[in-house]
Structure formats: structure tokens, C-alpha cells
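This report concerns the chain displayed below. Please keep the sequence and the coordinates at hand while reading.

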Amino acid sequence: MISNSHSLKLEETAKGVRISVRVYTNDRNTAINEPIATYLETKQKCEKEKILVSPMEISK
């Protein structure tokens with residue numbers, strides 16, 4: 001059984017800090033909600049600390 005596990009990576013780019021979040025879990029709701037909550041909380045913390053967050057790149 002896998003318990004919830006989080007991975008957070010901040011990578012400095014020319015456009016600002018890139019935030020990457022991974023959550024490992026067996027629960028579908030956790031898999032959907034936790035990465036979003038972690039991303040938003042990290043982004044908010046970066047903005048509070050005056051760290052520029054790079055825009056998300058959306059691949060098609």
C-alpha cells in the first residue's frame with residue numbers, strides 16, 4: 001500500500017521559478033486535489049517572498 005507522498009521541485013528559469021508538483025497515492029481524489037493545492041500554496045508563498053513564478057507551459 002502506498003501512503004501519500006509529495007514531491008516539490010523549484011527550478012530557476014529565465015522567466016522565473018518553475019514549480020513542479022507530484023503526488024503519489026492510491027486515492028483518486030487525493031491524486032486530483034493535492035497537486036493543485038500544493039502548487040497554489042507554493043505559488044502564493046513565492047509571490048509573498050517576491051519570487052517571480054514563470055508562467056505555466058501548456059502542451060497540446
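## Basis of the exposure terms

A residue is termed exposed when its relative accessible area is over 50% and buried when that value is under 20%, with partly exposed in between. The model under discussion is predicted.

## Overall architecture

The chain comprises one helix and two strands. Read from the N terminus, these elements follow the order β-β-α. Along the principal axes, the C-alpha atoms fill a box of roughly 40 × 30 × 15 Å.

Of the 60 residues, 20% count as buried. Among the contacts in the chain with a separation of 6 or more, 37% are accounted for by residues 24 or more positions apart.

## The hairpin

Strand 1 covers residues 5–13 and strand 2 covers residues 16–24; the two pair in the antiparallel sense over nine bridges. Two residues stand between the strands of this hairpin. One of the pairings joins Lys9 to Ser20, its bridge partner in strand 2.

## From strand 2 into helix 1

Thr25 occupies the loop that links strand 2 to helix 1, the latter spanning 28–48. Because its relative accessible area is 19%, Thr25 is classed as buried, the limit being under 20%. The side chain of Thr25 also reaches the backbone nitrogen of Asp27, at 3.2 Å.

Thr30 belongs to helix 1. Its relative accessibility is 16%, and Thr30 therefore counts as buried. When residues up to four places away in sequence are left aside, Thr30 touches Asn4, Val23, Thr25 and Pro35. The buried loop residue Thr25 is thus among the contacts of Thr30.

## The segment after helix 1

Is Glu57, in the segment after helix 1, buried or exposed? Glu57 has a relative accessible area of 65% and is therefore exposed, given that the class begins over 50%.

Glu57 can also be placed relative to Arg18. The two residues are 39 positions apart in sequence, and their C-alpha atoms are 9.7 Å apart in space. Arg18 falls within strand 2, which runs over residues 16–24.

## Surface and charge

The accessible surface of the chain comes to about 5,300 Å², and carbon and sulfur atoms contribute 51% of this area. The chain carries 10 positive and 8 negative side chains. The centres of these two sets lie 4 Å apart.

Technical notes: Residues numbered from 1 in each chain as written. Predicted model: local features only at pLDDT ≥ 70, side-chain atom pairs only at ≥ 80, totals over all residues. Heavy atoms only, no water. Pairing = 2+ DSSP bridges. Helix = DSSP H or I, 4+ residues; strand = E, 2+ residues; numbered from the N terminus. Buried < 20%, exposed > 50% of the residue type's maximum accessible area, 1.4 Å probe, protein only. Polar contact = N/O pair within 3.5 Å; in protein donor to acceptor, adjacent residues only side chain to side chain. Contact = heavy atoms within 4.5 Å. Areas by Shrake-Rupley, 256 points an atom, 1.4 Å probe, with all protein chains shown as cover. Lys, Arg positive; Asp, Glu negative; His and termini not counted. Charge placed at Lys NZ, Arg CZ, Asp CG, Glu CD.
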